[in-house]
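Visitor: I have a structure to look at and no idea where to start. Can you walk me through it?

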Amino acid sequence: MSGDATGSELTTDERGTDPAGPETTINRETPLRALDERRTLPADLFVRNNGLWPSAASGGREQDISLSRLEIGGLVDRPVSLSVEQLRTSFDSASVSAVLECAGNGRAGLVPPTAGLQWTIGAVGCSTYRGVRVRDLLAAVGVHEQAVYLGFHSPDRGPAGEVAISRGLPIWKALAPETLVAFEMGGGPLPFDHGGPLRIVAPGFPGAAWQKWLTRIEVLDHEHDGPRMTGTDYRLPDPLLAPGEPIEGSTFKVIEDMPIRSLISHPPAGSEVARGATIEIRGWAWSGAVPVASVEVSADGGATWRDVPLESGDGPWDWRRFRLQWTAPTGSSAVLVARATNEAGISQPLDQAWNPRGYCNNACQRVEVAIR
Ligand SMILES: Nc1nc2c(c(=O)[nH]1)N[C@H]1C(S)=C(S)[C@@H](COP(=O)(O)O)O[C@H]1N2
Ligand SMILES: [Mo]
């Protein structure tokens with residue numbers, strides 16, 4: 001199952017590219033020590049690039065994108081091209097603390113394994129973002145009645161020059177108050193690695209929808225069909241398929257909500273605890289559209305559970321701290337498990353239902369510690 005690995009470094013992509021420099025696709029997890037912090041520093045937050053860094057093809061790493069503007073077009077009355085400065089000064093800004101999680105987080109725990117980056121527990125982090133509400137931008141350009149979806153565009157490309165990823169959001173999420181075109185992260189300018197100068201922040205949606213290096217928003221009268229929007233990409237089959245069953249792309253639906261999940265950020269797997277010693281078991285619980293209601297912790301691999309108190313967060317999209325003081329019993333080891341439940345009564349499963357692309361694995365993490 002997922003979880004006993006500790007924020008490992010993933011530096012190759014599905015194509016097997018080697019990490020070396022800006023010409024390379026970089027993917028890396030948030031380290032476990034950073035996952036124990038309430039806010040993930042930009043330098044620690046996982047990085048998921050479907051292609052090369054933007055402008056790698058033209059030689060520079062940051063210079064092209066720093067000149068970028070945001071265009072808004074498609075089904076609008078008044079198409080615009082806005083500078084980052086105009087976004088900062090001509091619109092109200094809003095801030096949101098939100099969990100960013102790749103839909104493939106936990107994929108390494110799926111049985112049987114699926115293709116794709118073998119993320120363990122660290123394709124996630126929680127930061128505070130500031131930017132302009134997408135709904136304010138849409139109000140400024142005047143959206144036509146037929147609008148149902150936004151398509152996002154960015155300059156990053158794959159090795160053969162193909163568009164790396166172009167995702168979007170349904171209009172209901174674009175109009176939600178938490179959805180931003182962000183220009184700040186953690187109180188500073190949004191760093192290039194995380195999509196600076198401008199990225200989409202879509203709390204509760206999979207990380208894929210948080211388009212980085214955003215340069216164009218297109219208002220559409222149909223679900224966006226850009227690269228990595230269609231087929232089985234960031235989609236789940238409905239109904240679920242068993243391993244080996246034929247894959248029929250038309251039964252796959254865009255993932256619009258991340259599942260209820262928790263993370264034990266302390267103690268690390270493999271820690272040694274003295275018999276009779278009391279330590280703190282702590283971590284985070286988060287969810288998509290339906291808020292977290294409760295967390296239980298087991299120190300015997302899921303045989304018995306205790307309710308643990310949950311601290312409040314900064315608004316509905318923040319992750320929430322749980323803590324439990326635990327005294328190590330006699331025995332040689334213990335398996336710590338956390339299980340979160342949302343307000344609709346949905347709990348994390350102990351074992352994950354399989355899906356062909358290995359998305360949304362929210363099975364309870366198991367952290368084994370040695371008792372000495
Ligand atoms: N332009 C662009 N935006 C992108 C991506 C990308 O490769 N290119 N990756 C997406 C995916 S799959 C995820 S999980 C998040 C990761 O954001 P991060 O690298 O800031 O952690 O960005 C999303 N936005
Ligand atoms: Mo992702």
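Guide: We will go through the ligand, the hollow spaces and a few backbone oddities. Keep in mind that this is a predicted model.

Visitor: Ok, ligand first. How many residues surround ligand 1?

Guide: There are 19 residues around ligand 1. The closest are F46, N50, D156, H194 and K212.

Visitor: And what kinds of residues are in that shell?

Guide: The shell around ligand 1 has 9 nonpolar, 6 polar and 4 charged residues.

Visitor: Which atoms of ligand 1 pair up with F46 and R199?

Guide: Oxygen atoms, in each case. An oxygen atom of ligand 1 lies 2.6 Å from a backbone N or O atom of F46. For R199, an N or O atom of the side chain is 2.8 Å from an oxygen atom of the ligand.

Visitor: What about W210?

Guide: There the ligand uses a nitrogen atom, which is 3.1 Å from a polar backbone atom of W210.

Visitor: How much of ligand 1 does the protein bury?

Guide: Taken alone, ligand 1 exposes 530 Å², and the protein buries 100% of that.

Visitor: Where does ligand 1 sit, then?

Guide: In the largest cavity. That cavity has a volume of about 240 Å³, and the structure holds 5 cavities of 30 Å³ or more.

Visitor: Which residues lie nearest the centre of the largest cavity?

Guide: R48, R199, G207, W210 and K212, out of 19 that line it. R199 and W210 came up already, as contacts of the ligand.

Visitor: New topic. What lines the largest pocket?

Guide: The lining has 14 residues, and L236, I255, D257, P259 and C360 lie nearest the centre. By class, the lining divides into 10 nonpolar, 2 polar and 2 charged residues. The space in this pocket is about 250 Å³.

Visitor: What is odd about the backbone at C360?

Guide: C360 has a positive phi of about 55° although it is not a glycine. Its place is in the loop between β21 and β22. R228 is also not a glycine, and has a positive phi of about 75°. R228 lies in the loop between β12 and β13.

Visitor: Why mention that at all?

Guide: Because most residues other than glycine have a negative phi, and most peptide bonds are trans.

Visitor: Which peptide bonds are cis here?

Guide: One of them runs from V111 to P112, with omega near -10°. P112 is in the loop between β5 and β6. Another joins G196 and P197, with omega about 10°. P197 lies in the loop between β10 and β11.

Technical notes. Residues numbered from 1 in each chain as written. Chains lettered and ligands numbered in written order. Predicted model: local features only at pLDDT ≥ 70, side-chain atom pairs only at ≥ 80, totals over all residues. Heavy atoms only, no water. Near = heavy atom within 4 Å. Polar contact = N/O pair within 3.5 Å; in protein donor to acceptor, adjacent residues only side chain to side chain. Areas by Shrake-Rupley, 256 points an atom, 1.4 Å probe, with all protein chains shown as cover. 1 Å grid on protein atoms, 1.4 Å probe; cavity = no way out; pocket = protein on both sides within 12 Å on 5 of 7 lines; lining within 4 Å. Sits in = over half its atoms within 2 Å of the grid points. Nonpolar A, V, L, I, M, F, W, Y, C, P; charged D, E, K, R; others polar. Points joined across faces, edges and corners; volume = space filled by probe spheres on them. Helix = DSSP H or I, 4+ residues; strand = E, 2+ residues; numbered from the N terminus.
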